[in-house]
Amino acid sequence: QVHLVESGGGSVQAGGSLRLSCTASGVPISKNCMAWFRQAPGKEREGVATISWPSHNTYEADAVKGRFAISQDEARNPISLYLQMNSLRPEDTAIYYCAAALGRLCPGGAQTADFGFWGQGIQVTVSS
């Protein structure tokens, strides 16, 4: 049973940093794709970043490239996924979701339809 739980959200001023964590219970140490998505009020859920295992290849959306970094720690049990967010902007305000796709490497980009497992989401608010 896969269970994803996000933590580390909160409120921060523009220019600040936050680190999101996702505890991924039930995700096996095998070929998989883990991702972060976000959804702002009135907008569709969008992909932020993905990471493949075992290659550790990463993808970041243009809107966050150079500011956000995704990483994964398979040495921990359960697996932990992280999103380091620097130079935050008010437009980064959203609910952030952890997602998993098992048995496959990450596709190009990040589309919601490619991921079968989701966390409950956590709020990130950036004030100007």
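This report covers aromatic contacts, charges over rings and strand pairing in a predicted model.

## Aromatic pairs

Four aromatic pairs turn up in a search of the whole structure. One of them is formed by Y97 and W118, with an edge-to-face geometry: the ring centres are 6.5 Å apart and the planes meet at 80 degrees. Y97 belongs to strand β9 (residues 94-102) and W118 to strand β10 (residues 117-118), so this pair ties together parts separated by 21 residues in sequence.

The two partners can also be described by their accessibility. Y97 has a relative accessible area of 10% and is buried, because buried means under 20%. W118, at 28%, is partly exposed. Both residues belong to a cluster, linked by ring pairs, that also includes F37 and F115.

## Charges over rings

Y97 has a further contact, with an arginine: the charged end of R45 is placed over the Y97 ring, 3.7 Å from the ring centre.

A second arginine, R19, lies over the face of Y82, and here the distance to the ring centre is 4.0 Å.

## Strand pairing

Strand β3 (residues 18-25) runs antiparallel to strand β1 (residues 3-7), and five bridges join them. Within this pairing, E6 stands opposite C22 of β3.

β3 also pairs with strand β8 (residues 79-85), again in the antiparallel sense, over seven bridges. L18 has M85 in β8 as its bridge partner. As for side chains, those of a regular strand alternate between the two faces of the sheet.

Technical notes:
Residues are numbered from 1 along each chain as its sequence is written. This is a predicted model: local features need pLDDT of at least 70, side-chain atom pairs count only at pLDDT 80 or more; totals for chains, interfaces and linings use all residues. Side-chain values use heavy atoms; hydrogens and water are left out. Rings of Phe, Tyr and Trp (its six-membered ring) pair if their centres lie within 6.5 Å; planes under 30 degrees apart count as stacked, over 60 as edge-to-face and the rest as tilted. Helices (H or I, at least four residues) and strands (E, at least two) are DSSP runs, numbered from the N terminus. Buried means under 20% relative accessible area, exposed over 50%, partly exposed in between (1.4 Å probe, protein chains only). A charge sits over a ring if NZ of Lys or CZ of Arg is within 6 Å of the ring centre and within 35 degrees of the ring normal. Two strands pair if DSSP finds at least two bridges between them.
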